[in-house]
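Subject: The structure we talked about

Hello,

I am passing on the structure below so that you can look through it at your own pace. Please keep it open while you read, since my notes refer to it throughout.

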Amino acid sequence: MLAGFFFMLALPSFLIASPEAVYVTLSETPSQSIYVHWIEKTQKYPSLLYQKPGDMVWKEIDVLYRNPLESSPYYACCLKISNLEPSSYYSFYLNGDSTSYVFKTLPKDLSAPLKVAIGGDLTESFSLFRRMNKVVAAKNPDFAILGGDIAYSNGYGLIGGKRGSISRWVSFFSTWQKTMRGDRDRLIPIVATLGNHDVGSIDRKEGGEKAFYLKLFCPYAKVGFRTLDIAKAVSFFLLDSGHLSSVESQVPWLQESLAKRKDRL
């Protein structure tokens with residue numbers, strides 16, 4: 001009886017549901033920080049713990065962003081891990097889940113080649129998406145730029161609430177987590193831009209205030225365009241082709257951003 005009693009005490013820790021999906025996106029300082037995202041259903045993970053291989057202590061960060069996804073039981077969660085070392089691997093896990101993951105920061109210089117995968121219109125067919133991911137992951141890119149029409153949640157494949165099908169977004173991230181793994185089983189980071197199938201007419205009218213896309217990729221941003229600077233040598237300009245922000249409204253920002261980066265590739 002006593003052995004059974006201890007078994008029952010231990011059992012709940014194994015019954016805690018894992019998140020629906022875990023993924024990482026590049027921050028504004030990709031050699032020193034990273035965004036960790038996950039989609040959870042009922043379990044609320046209070047924090048994340050991370051460390052470099054060989055470290056004796058796990059560092060803990062509280063969740064900073066948790067937002068319900070309208071017309072669904074899901075929550076989009078995110079936090080930023082800062083003060084990291086360049087070109088370094090880190091392990092992490094969510095407090096309350098036993099599954100661990102790995103990410104790698106980008107380099108602070110381009111003494112070695114930078115490998116980037118770029119694509120879009122990804123999930124018209126999930127079976128093709130899985131096959132494609134395995135081919136891309138085998139090339140071990142540092143990160144992947146997704147150029148819009150990511151989950152096809154609006155328009156094609158529209159099933160669900162007025163903002164589209166959150167189930168398609170969950171399927172996208174779950175598939176990405178399983179298939180887009182690089183060396184040491186690291187999660188390959190995402191850098192996303194939005195397309196016409198990523199937001200709907202209601203999102204456009206509201207300026208994206210409640211858009212799934214911004215909650216899932218850019219929870220700290222109010223717009224869908226940005227600049228990604230890498231190693232003070234290369235800059236990527238990620239534009240919104242008129243879906244949440246007009247083309248005209250981005251012109252001053254683009255002119256100023258280009259002027260600041262005349263020395264970049």
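What follows is a description of what was found, going from the whole chain to single residues.

Please bear in mind from the start that this is a predicted model. The protein chain has 265 residues, of which 47% are buried, and its secondary structure comes to six helices and 13 strands. If you take the contacts between residues at least 6 apart in sequence, 65% of them join residues at least 24 apart.

**The nonpolar cores**

The largest nonpolar core is made of 38 residues, and those with the most contacts inside it are Trp169, Phe172, Phe173, Tyr213, Leu216 and Phe217. Several elements give two or more residues to this core, among them strand 1 (21-26), strand 2 (34-40), helix 2 (126-138), helix 3 (166-179) and helix 5 (212-217). Which of them gives the largest share? That is helix 3, with six residues. Phe173 is a good residue to select in your viewer, because even when residues up to four places away in sequence are not counted, Phe173 touches Ala21, Tyr23, Ile39, Ile190, Leu216 and Phe217. Apart from this core lies another one of 20 residues, which includes Val36, Leu48, Ile61 and Phe92.

**Helix 2 and its two sides**

Helix 2 has 13 residues and reaches 18 Å from its first C-alpha to its last, close to the 18 Å expected at 1.5 Å a residue. Its buried residues are Phe126, Phe129, Asn133 and Ala137, and when you look down the axis of helix 2 these buried residues fall within an arc of 60°, so they line one face of the helix. They pack against helix 3, whereas on the other side of helix 2 you will find that Arg131, Lys134, Val135 and Ala138 are exposed. Just after helix 2 comes Asn140, which takes a positive phi of about 60°.

**Salt bridges**

Side chains of opposite charge can pair when their charged atoms come close. The structure holds seven salt bridges, and three of them are described here.

In one of them the side chains of Arg66 and Glu40 meet, at 2.6 Å from N to O. This pair links distant parts of the chain, with Arg66 in strand 5 (residues 65-68) and Glu40 in strand 2, 26 residues apart. Are the two partners buried or exposed, or in between? Arg66 counts as partly exposed, at 32% relative accessibility, while Glu40 has a relative accessible area of 1% and is therefore buried.

Another salt bridge joins Asp185 to Arg181, and there the closest N and O atoms are 2.9 Å apart; Asp185, at 46% relative accessibility, counts as partly exposed. A further one is formed by Glu256 and Lys260, whose closest N and O atoms are 3.3 Å apart. Glu256 is partly exposed, with a relative accessible area of 47%, and Lys260, at 58% relative accessibility, counts as exposed.

**Three buried residues to look at**

Leu194 is found in the loop between strand 11 and helix 4 (201-206), and with a relative accessible area of 4% this residue is buried. Leaving aside its neighbours within four places in sequence, Leu194 is in contact with Gly148, Val199, Tyr213, Gly224, Asp240, His243 and Leu244. The C-alpha atoms of Leu194 and Gly242 are separated by 9.7 Å, although these residues are 48 apart along the chain.

Gln250 is found in helix 6 (residues 247-259), and at 5% relative accessibility it counts as buried. When residues up to four places away in sequence are not counted, Gln250 touches Phe225, Leu239, Asp240, Gly242 and Ser245.

Ser235 belongs to strand 13 (residues 234-238). Its relative accessible area is 10%, so Ser235 is buried, and its side chain makes a polar contact of 2.6 Å with the side chain of Asp229.

When you go through the model yourself, you might begin with Phe173 and its contacts, and then turn to the two sides of helix 2.

Best wishes

Definitions and conventions:
Residues are numbered from 1 along each chain as its sequence is written. This is a predicted model: local features need pLDDT of at least 70, side-chain atom pairs count only at pLDDT 80 or more; totals for chains, interfaces and linings use all residues. Side-chain values use heavy atoms; hydrogens and water are left out. A nonpolar core is a set of buried Ala, Val, Leu, Ile, Met, Phe, Trp, Tyr and Cys residues joined through side-chain atoms within 4.5 Å. Buried means under 20% relative accessible area, exposed over 50%, partly exposed in between (1.4 Å probe, protein chains only). Helices (H or I, at least four residues) and strands (E, at least two) are DSSP runs, numbered from the N terminus. Contact means heavy atoms within 4.5 Å. A polar contact is a pair of N or O atoms within 3.5 Å; within protein, one must be able to donate a hydrogen and the other to accept it, and residues adjacent in sequence count only if both atoms are side-chain atoms. A salt bridge is a side-chain nitrogen of Lys or Arg within 4 Å of a carboxyl oxygen of Asp or Glu. The expected span of a helix is 1.5 Å times one less than its number of residues. The arc is that of the directions from the helix axis to the C-beta atoms.
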